[in-house]
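The following exercises are to be worked with the sequence and the coordinates at hand. Each task is followed by a solution in steps.

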Amino acid sequence: MKFDLRELAVFAEEAVTKAGDRISELRSREKIEVNYKDSGELVTSADLLSERIIQEAIMGKFQGHRILSEEHGVHNWDNFKFDGPVWVIDPLDGTVNFSRNLPHYGVSLAFALDGVVLVGAVYAPDLNCTYVGIKGEGSYCNGERLRIRKCTSLQDAVIGTGFPHDSAKVQPAIERVNRLRRNCRDIRRFAAPTVDICYVASGKLDAHTESLAPWDVAAAGLIAREAGSLSCHVQVVPDGIPNELYGEEVVFTTPGIFDDLLTLLRMESE
């Protein structure tokens, strides 16, 4: 099964751009309807609109391709079969930021074949940034080639992280933050991991680590790797879940601090 990756990348970029512009327009002209998931996470009418736009685009052009999206897959993704062509959607990452008119939010779309991510696009409308990656061909922001920042000392590193929506899981994240803060220059929490991981690709961050879902890491992870980032996990990835689509305790980092950062994070988990 062969695909034209550049054609898929153009499609992904167009889809996230269309969805992102529509939800930005929606927010500017009418009140956004806000609801809550079981975990307490926000879901808005903009999330659902963005998801519908992207799903309709995929189904109209790639019949037979399967879709994994946050809003319809959040409860059962661990049983999802990743074989064959799969599109992975985060229709609105950073929903709280979006609802509060904070600029750090994005729309993400990735294409994976048999669990390997081949194309990814992340659009951050308020930041005017469109990130695109193609496996083996690099990654770009607004057409400009991305490169990670070369950093060889953990003490000089600025590292992104985040907190889970489930309050029962917050304490380990706080302990991680404390450990990071004592051993690196500083930390950042922008609360939109698809954008945060792209920040590693563009050198704004030296690393990002957090427990995430497939739709958080699929497109942004490819973009980071194609810019020179290394990716791994603090713990072993379970059988049946592709490495590139597993987000629990994921790490994206510039190579120069890879060993020290992973050692630090693994000490925390013991």
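Helices (H or I, at least four residues) and strands (E, at least two) are DSSP runs, numbered from the N terminus. The model is a predicted one, in which local features need pLDDT of at least 70 and side-chain atom pairs count only at pLDDT 80 or more, while totals for chains, interfaces and linings use all residues. Residues are numbered from 1 along each chain as its sequence is written, and side-chain values use heavy atoms, with hydrogens and water left out.

**Exercise 1. Locate serine 229 and describe its surroundings.**

Step 1. Serine 229 is placed in the loop between H7 and E13.

Step 2. Its burial follows from the relative accessible area (buried under 20%, exposed over 50%, partly exposed in between; 1.4 Å probe, protein chains only). Serine 229 has a relative accessibility of 5% and therefore counts as buried.

Step 3. Contacts (heavy atoms within 4.5 Å) are listed next. Apart from neighbours within four places in sequence, serine 229 touches Ile148, Val200, Ala224, Phe252 and Thr253.

Step 4. The backbone nitrogen of threonine 253 is reached by the side chain of serine 229 at 3.2 Å. A polar contact is a pair of N or O atoms within 3.5 Å; within protein, one must be able to donate a hydrogen and the other to accept it, and residues adjacent in sequence count only if both atoms are side-chain atoms.

**Exercise 2. Analyse the salt bridge between aspartate 206 and arginine 149.**

Step 1. Side chains of opposite charge can pair when their charged atoms come close. The criterion is a side-chain nitrogen of Lys or Arg within 4 Å of a carboxyl oxygen of Asp or Glu. The structure contains ten salt bridges.

Step 2. In the pair formed by aspartate 206 and arginine 149, the N to O distance is 2.9 Å. These partners bring together distant parts of the chain, 57 residues apart: aspartate 206 is in the loop between helix H6 (193–202) and strand E12 (207–210), and arginine 149 is in the loop between strand E9 (144–145) and strand E10 (158–160).

Step 3. Aspartate 206 is buried, at 3% relative accessibility, whereas arginine 149 is partly exposed at 32%.

**Exercise 3. Which residues do arginine 188 and arginine 225 pair with?**

Step 1. Arginine 188 forms a salt bridge with aspartate 186, at 3.1 Å from N to O. Arginine 188 is partly exposed at 35% relative accessibility, and aspartate 186 is partly exposed at 24%.

Step 2. Arginine 225 pairs with glutamate 244 at 3.6 Å, N to O. Since arginine 225 lies in helix H7 (residues 214–226) and glutamate 244 in the loop between strand E13 (230–233) and strand E14 (250–253), this pair ties together parts 19 residues apart in sequence.

Step 3. Arg149, Asp156, Arg185 and Asp206 are joined into one network by salt bridges that share partners.

**Exercise 4. Characterise the interface between domain 1 and domain 2.**

Step 1. The protein is divided into domain 1 (5–145) and domain 2 (154–266); domain bounds come from an automatic or database domain assignment. Their centres, taken over C-alpha atoms, are 20 Å apart. Domain 1 gives 42 residues to the contact and domain 2 gives 27.

Step 2. Buried area is the accessible area (1.4 Å probe) that two parts lose on being put together, summed over both. Between the two domains it is about 2700 Å², with 69% from carbon and sulfur atoms.

Step 3. Zero salt bridges are counted between domain 1 and domain 2, while nine residue pairs are in polar contact across the interface (both at pLDDT 80 or more).

Step 4. On the side of domain 1 that touches domain 2, the elements that give two or more residues include strand E3 (66–69), helix H3 (70–73) and strand E6 (116–124). E6 supplies the largest share of that side, eight residues.

Step 5. The residues of that side of domain 1 divide into 21 nonpolar, 14 polar and seven charged. Here Ala, Val, Leu, Ile, Met, Phe, Trp, Tyr, Cys and Pro count as nonpolar, Asp, Glu, Lys and Arg as charged, and the others, Gly among them, as polar.

**Exercise 5. Where is asparagine 101 found, and what is the place of asparagine 142?**

Step 1. Asparagine 101 is in the loop between helix H4 (95–99) and E5. Its phi is near 65°, a positive value in a residue other than glycine, and asparagine 101 is exposed at 55% relative accessibility.

Step 2. Asparagine 142 is in the loop between E8 and E9. Asparagine 142 has a positive phi of about 50° although it is not a glycine, and it is partly exposed at 47%.
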